[in-house]
Amino acid sequence: MRFLRDRMVRKDVIAPPTVDTIFRASSIPYLCPREEVICGLEGTERLREVEEDLGLTFGVGKAVHWWLQNEVFAPMLCGRWKCLDCAAVHENAEGYGSGSWVPRPAVCGLPRAFVELDGTARISVCQGQEFLFLETQIVDRDLGISGHPDGELVYQENGARVVLEVKTMNVFKFEKARGPEPEHREQATIYGKLTSRPWILVLVMVKHLEKVTTTFRPWLFRYDERLMGEIRRRVESIREGLATATLPRRICYTSTCERARKCPVAKTCFERAA
């Protein structure tokens, strides 16, 4: 049991940001530009701790992603596919424009080298039929953002393509939800920008299946340039603050609010002008 607990716990050290830092799409909704600039200017490292319960939650989320990508959506999911026989990766190296991601192959069909028992080297065509979906890291250095979408769904009826973003949610939030959470919408919007896709599907799954009747809720929405503009300005304010040693506006109204109490640079933040 000690081994299991240790494997669920994780401690990550977050290095001070610089003007060249690439922020992960999943972290963007939670960023405080002022905190980032202070940490960058003062060289402050932050420790992000994942305790057992949260580690298990992350594990459940990863399992759901694997199941949806490799089982449920596999016939209509485009991305990168690794052959489990020869380990070759089926992908399009031209980028992420329209039609660039590839569907799951029926048969691998790629050449592979192998050595006979007598030591003779040969090349054959792989006949593997089992594949593993690989998420792809996309980096936009101009934006200062990177991310790995959960894939792209292609509807056979009309060829329509939508970016897929899967989220898990506890039962209490799930029952009250009437649309994507603001942080989910922001992250999905970033993926729409990174992939140049106009439509994004946020698929939310509840963690405790026995407590609700509808376990999935799909929300399809169009890429929002206005929201992307807000996200872009947030990152730009960090870059500008680091370049000019100027702090962005404070987002906490009081030093006793929940976020400020957890902030590692709250003292500096409230000592400086807002």
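**Close-up 1. What packs over helix H2 in this predicted model.** Here you're looking at the neighbours that cover the buried residues of H2, and they include strands as well as helices. Among the strands are S2 (23-24) and S3 (46-50). The helices include H6 (225-244), H7 (258-262) and H8 (266-271).

**Close-up 2. Helix H2 itself, residues 33-42.** With that cover in mind, take a look at the helix: it's mostly tucked away, with seven of its 10 residues buried. The buried ones are Pro33, Arg34, Glu35, Glu36, Val37, Ile38 and Cys39. In general, an α-helix has 3.6 residues a turn, so residues three or four places apart point the same way.

**Close-up 3. Glycine 43, just after H2.** Once H2 ends, glycine 43 follows, and its phi is positive, near 65°. Keep that sign in mind for the next two views. Most residues other than glycine have a negative phi.

**Close-up 4. Alanine 87 in its loop.** Find strand S4 (77-83) and strand S5 (89-90): alanine 87 sits in the loop between them. Its phi is near 75°, a positive value even though this residue isn't a glycine. Is alanine 87 buried or exposed? Partly exposed, as it turns out, with a relative accessible area of 43%.

**Close-up 5. Serine 196 in its loop.** This loop runs between helix H5 (182-195) and strand S14 (199-206), and serine 196 is part of it. Serine 196 isn't a glycine either, yet it has a positive phi of about 60°. Serine 196 counts as exposed because its relative accessible area is 57%, and the cut-off for exposed is over 50%.

Terms used. Residues are numbered from 1 along each chain as its sequence is written. This is a predicted model: local features need pLDDT of at least 70, side-chain atom pairs count only at pLDDT 80 or more; totals for chains, interfaces and linings use all residues. Side-chain values use heavy atoms; hydrogens and water are left out. Buried means under 20% relative accessible area, exposed over 50%, partly exposed in between (1.4 Å probe, protein chains only). Helices (H or I, at least four residues) and strands (E, at least two) are DSSP runs, numbered from the N terminus. Contact means heavy atoms within 4.5 Å.
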